[in-house]
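Me: Could you take me through one part of this model in detail? I would like to look closely at the place where the protein meets the RNA.

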Amino acid sequence: MIRTRFAPSPTGYLHIGGVRTALFNWLFARQHGGQFILRIDDTDQQRNVTEALQPILDGFRWLGIDWDEGPDVGGPYGPYFQSQRQTRHEAAVKQLLDSGHAYRDYALPEELQAEREAAEAAKRPFTYSRRWMAQTEADAARWEADGRAAVVRLKMPRTGSCRFHDQIRGDVEFQWSQEQDHVIQRADGTCLYHLANVVDDHDFAITHVIRAVEHLSNTPRQVFIAQSLGYELPQYAHLPYVAEPGSANKLSKRKLDKYLKHPDFKKLYEHGLRIARAIGHATTGETFNPVIVDFYRTVGYLPSALVNYLLLLGWSLDDKTEQFTRAEMIEHFTLERVNKSPASFDPLKLWAFQQREMVALPLDQKVPLLVPFVRQAGWGAALRPAELDDRVRQIAGAAGDRIKAAGDILDYPEFFCADEQLVMEPKDVEKRLRKPGAAELLRRFRDMLAELEPFDAATVEALLRSFLEREQIQIGEIIHALRVATTGKSVGLGMFDALAILGRQSTVQRIDRALQLL
RNA sequence: GGCCCCAUCGUCUAGUGGUCUAGGACACCGGCCUUUCACGCCGGCAACACGGGUUCGAGUCCCGUUGGGGUCACCA
């Protein structure tokens, strides 16, 4: 049974790079009919773990990445919170101590620091002298009487090398001489990450450790721990990290200001910002950031588009396939085809994926995604649910591929506001409505609209065409004025669709109001 | 700095010694369509980091250089 895991720390947000790692773990497990486990790498000093974990779990659920064992679902290998596994970790430390693979060290931090500096001054790699390694109980007792406290360190090999096979990088070799006697347990008894990690992976029967390449150089010490404990080694696969837009640096959630100088990133961000503001979503917190998954949910992206994009960030099937359904991803994914080099996050390519999927989404499925945004913006409060659905449906149908994220429905306030509250864009009023002759044409066309029956797009268009014929004018001479008068601005849906959605009464009232304003 | 990893268009990538005058996608530029916007269609620009080998032949194998990155905690 293949078992993979993703082990987020409860930080309150899901990083895009982390999601990709989780996705690859998930795909690998699903493909092999295995299991995907979520383990929470919390430390005892973190507070509000539950609260900080929720957005992460929500994020995974939204993305459709489900876990077979972990928080909320439990499982036979629990607990799934690292902080609740202390006794297991302590037992492992004891075993390591008993077998001579670890030792109690009584060195003071300053003493260790002094050794480090001496090594540096002599330009030689630092290796701890083990001066304060307790060889006997008498040593320990004496030093403790002096007020010293012990940490537990790994007694790492100092010759030879550590070799292991990486599913992505091939055979890897590290010299033991480069390794340190890492601390695995603090003086207060709490255990450190690498120890806990190895023990938990073993306890969870993890077969494949698929993680970011940052951990590659941590692997030797983990191999040492695992082997010393008599564990069978998991298969390792170290994924390249996700880089910043236009650079090879690792993508970081802390560099939003820097990324906003990148035009494509800025475009993505500002689009989201417009929507977030319209629905009153906080935009100052740490999570409103395109590096964090929550951003995309807030703005109304399709999770399948994000996942599809992330899949291709470091992995490809062949020279042309780009769109994958979930089933296809599971069928085709292989670690062998994961790239070795970092892939930088391209905001516009993600946007293109989103756009493509949104356009392909049938109206029946699109409308339910749009309606919540309208509600959150506080629009259409006077409409009954069915009326609102219907209105949104009409707009979405007419908007077609203009709506690229669910939040884009908020580009059309003109269809939700009262006629007398329509906001008129001054520049457009100036250019289109105050244009010589426009008002007079508009007045004449208004009188014809007022009598039109039925008031649908095709009939309105036929009316306008005959009007053009009679007046001997080009369509451009009236349609811009008509658009500004009825929608307040110069861009929007097809004119006839827009008028049909507004209906005769609103259309006429809005034209009258516009003419009065002139 | 030590150790380790990586290196094809601006970006994601295909390419596993000859079919590569290097293919696809996004972006960009030009044109068409058009009541605005968006879409769509057609066309275009654009890459094997450099230097040595190996080989009849190298983007593809080897070495070096350069560049980029990761990692070196009583963080995770």
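Reply: Let's begin at Leu493, where a backbone N or O atom lies 3.5 Å from a base oxygen of RNA strand B. Bear in mind as you look that this is a predicted model. A base is also involved at Asn218, but there a polar side-chain atom lies 3.5 Å from a base nitrogen of RNA strand B. At Gly314 you can find a backbone N or O atom 2.7 Å from a phosphate oxygen of RNA strand B.

Now look at the RNA side as a whole. Of the atoms of RNA strand B within 4 Å of the protein, 75% belong to sugar or phosphate, and the rest belong to bases.

Next, turn to the protein side. There are 59 residues around RNA strand B, and those that come nearest are Arg186, Tyr241, Asn249, Asp401 and Arg402. Sorted by character, the residues of this surface divide into 22 nonpolar, 18 polar and 19 charged.

Where in the fold do they sit? Several elements each supply at least two residues of the surface near RNA strand B, among them helix H4 (109–121), strand S4 (151–154) and helix H20 (495–517). The largest share, four residues, comes from H13.

Strand S4 is worth following a little further. It belongs to an open sheet of three strands in the order S3-S4-S7, with antiparallel pairing. Strand S3 (102–105) and strand S7 (183–185) stand at the edges with a single partner strand each, so one side of each has no neighbour in the sheet. Four bridges join S3 to S4, and Arg104 stands opposite Val152 in S4.

Key
Residues are numbered from 1 along each chain as its sequence is written. Chains are lettered from A and ligands numbered from 1 in the order in which they are written. This is a predicted model: local features need pLDDT of at least 70, side-chain atom pairs count only at pLDDT 80 or more; totals for chains, interfaces and linings use all residues. Side-chain values use heavy atoms; hydrogens and water are left out. A residue is near a molecule or strand if one of its heavy atoms lies within 4 Å of it. A polar contact is a pair of N or O atoms within 3.5 Å; within protein, one must be able to donate a hydrogen and the other to accept it, and residues adjacent in sequence count only if both atoms are side-chain atoms. Ala, Val, Leu, Ile, Met, Phe, Trp, Tyr, Cys and Pro count as nonpolar, Asp, Glu, Lys and Arg as charged, and the others, Gly among them, as polar. Two strands pair if DSSP finds at least two bridges between them.
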